[in-house]
Amino acid sequence: MIGFIVAGLIIGALARLFTPGKQRLGLLATLLLGLAGSVIGGTIANILGTGGIFELNVLGFITAVIASVLLVGTAERLSAKN
């Protein structure tokens with residue numbers, strides 16, 4: 001469980017690093033978006049047959065970061081409208 005949280009935080013931080021512009025997301029939002037990206041990346045890797053949803057592998061990590069970048073961008077656009 002702690003490993004999943006740490007991985008989500010790392011993936012969320014990488015997503016914020018790769019997302020252009022300044023994000024106004026806090027640590028909790030970064031963690032939650034990273035965790036969501038981890039689940040999405042793990043699911044895609046599982047569908048492609050490279051491992052389980054919660055198994056650490058390269059394809060799952062890359063897709064998790066990409067999914068988190070999309071989630072961070074979406075969250076920023078939604079928060080900018082409010």
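Colleague: Where in the chain is K22 found?
Modeller: In this predicted model, K22 is exposed, with a relative accessible area of 77%. As for its place along the chain, K22 is found in the loop between helix 1 and helix 2.

Colleague: How far apart in space are K22 and L59, C-alpha to C-alpha?
Modeller: K22 belongs to the loop between helix 1 and helix 2, whereas L59 is found in helix 3. Along the sequence, K22 and L59 are 37 residues apart. In space, their C-alpha to C-alpha distance is 27 Å.

Colleague: Is L59 buried, partly exposed or exposed?
Modeller: Buried would require a relative accessible area under 20%, and exposed one over 50%. L59 has 31% relative accessibility, so it counts as partly exposed.

Colleague: With which residues is L59 in contact, leaving aside its neighbours within four places in sequence?
Modeller: L59 and A45 are 14 residues apart in sequence, and their C-alpha atoms are 6.2 Å apart in space. Contact, however, is judged on heavy atoms within 4.5 Å. Leaving aside the neighbours within four places, the residues in contact with L59 are L48 and T50.

Colleague: How many helices and strands does the secondary structure of the chain come to?
Modeller: From the N terminus on, the elements run α-α-α. The count for the chain is therefore three helices and zero strands, with helices taken as DSSP runs of at least four residues.

Colleague: Why does the radius of gyration of the chain agree with that of a compact globule?
Modeller: The C-alpha trace spans about 40 × 25 × 20 Å along its principal axes. For 82 residues, a compact globule would have a radius of gyration near 12 Å. The chain agrees with this because its own value is 12 Å.

Colleague: What percentage of the contacts with a separation of 6 or more is accounted for by residues 24 or more positions apart?
Modeller: One pair at such a separation is A64 and S38, which are 26 residues apart along the chain and touch each other. Over the chain, residues 24 or more positions apart account for a share of these contacts equal to 62%.

Colleague: What separation do the C-alpha atoms of A64 and S38 have?
Modeller: A64 has its place in helix 3, and S38 lies in helix 2. A64 counts as buried at 2% relative accessibility, and S38 counts as buried at 11%. The C-alpha atoms of A64 and S38 are separated by 4.7 Å.

Colleague: Which residues does S38 touch, not counting those up to four places away in sequence?
Modeller: A64 touches I11, G37, S38 and G41, with residues up to four places away left out. On the same footing, the residues touched by S38 are F4, A7, G8, I11, A64 and S68.

Colleague: Which residues lie nearest the centre of the largest pocket?
Modeller: The largest pocket holds about 250 Å³ of space, and 16 residues line it. Nearest its centre lie A7, I11, S38, E55 and L56.

Colleague: Which helix supplies the largest share of the lining of the largest pocket?
Modeller: Helix 1 (2–18), helix 2 (27–47) and helix 3 (58–81) each give the lining at least two residues. The largest share is five residues, and it comes from helix 1.

Colleague: How many residues of each class does the lining of the largest pocket have?
Modeller: Classes are assigned by residue type, with Ala, Leu and Ile among the nonpolar and Gly among the polar. On this basis, the lining comprises nine nonpolar, six polar and one charged residues.

Colleague: Which residues does T30 touch, not counting those up to four places away in sequence?
Modeller: T30 lies in helix 2 and is buried, with a relative accessible area of 5%. Not counting residues up to four places away, T30 touches G8, G12, A13, R16 and L25.

Colleague: How far apart in space are A36 and G51, C-alpha to C-alpha?
Modeller: A36 is found in helix 2 and, at 32% relative accessibility, counts as partly exposed. A36 and G51 are 15 residues apart in sequence, and the distance between their C-alpha atoms is 18 Å.

Colleague: What percentage of the exposed area of the chain do carbon and sulfur atoms supply?
Modeller: Of the 82 residues, 34% count as buried. The chain exposes about 5200 Å², and the part supplied by carbon and sulfur atoms is 76%.

Terms used: Residues numbered from 1 in each chain as written. Predicted model: local features only at pLDDT ≥ 70, side-chain atom pairs only at ≥ 80, totals over all residues. Heavy atoms only, no water. 1 Å grid on protein atoms, 1.4 Å probe; cavity = no way out; pocket = protein on both sides within 12 Å on 5 of 7 lines; lining within 4 Å. Points joined across faces, edges and corners; volume = space filled by probe spheres on them. Rg over C-alpha atoms; globule rule 2.2 N^0.38 Å. Buried < 20%, exposed > 50% of the residue type's maximum accessible area, 1.4 Å probe, protein only. Areas by Shrake-Rupley, 256 points an atom, 1.4 Å probe, with all protein chains shown as cover.
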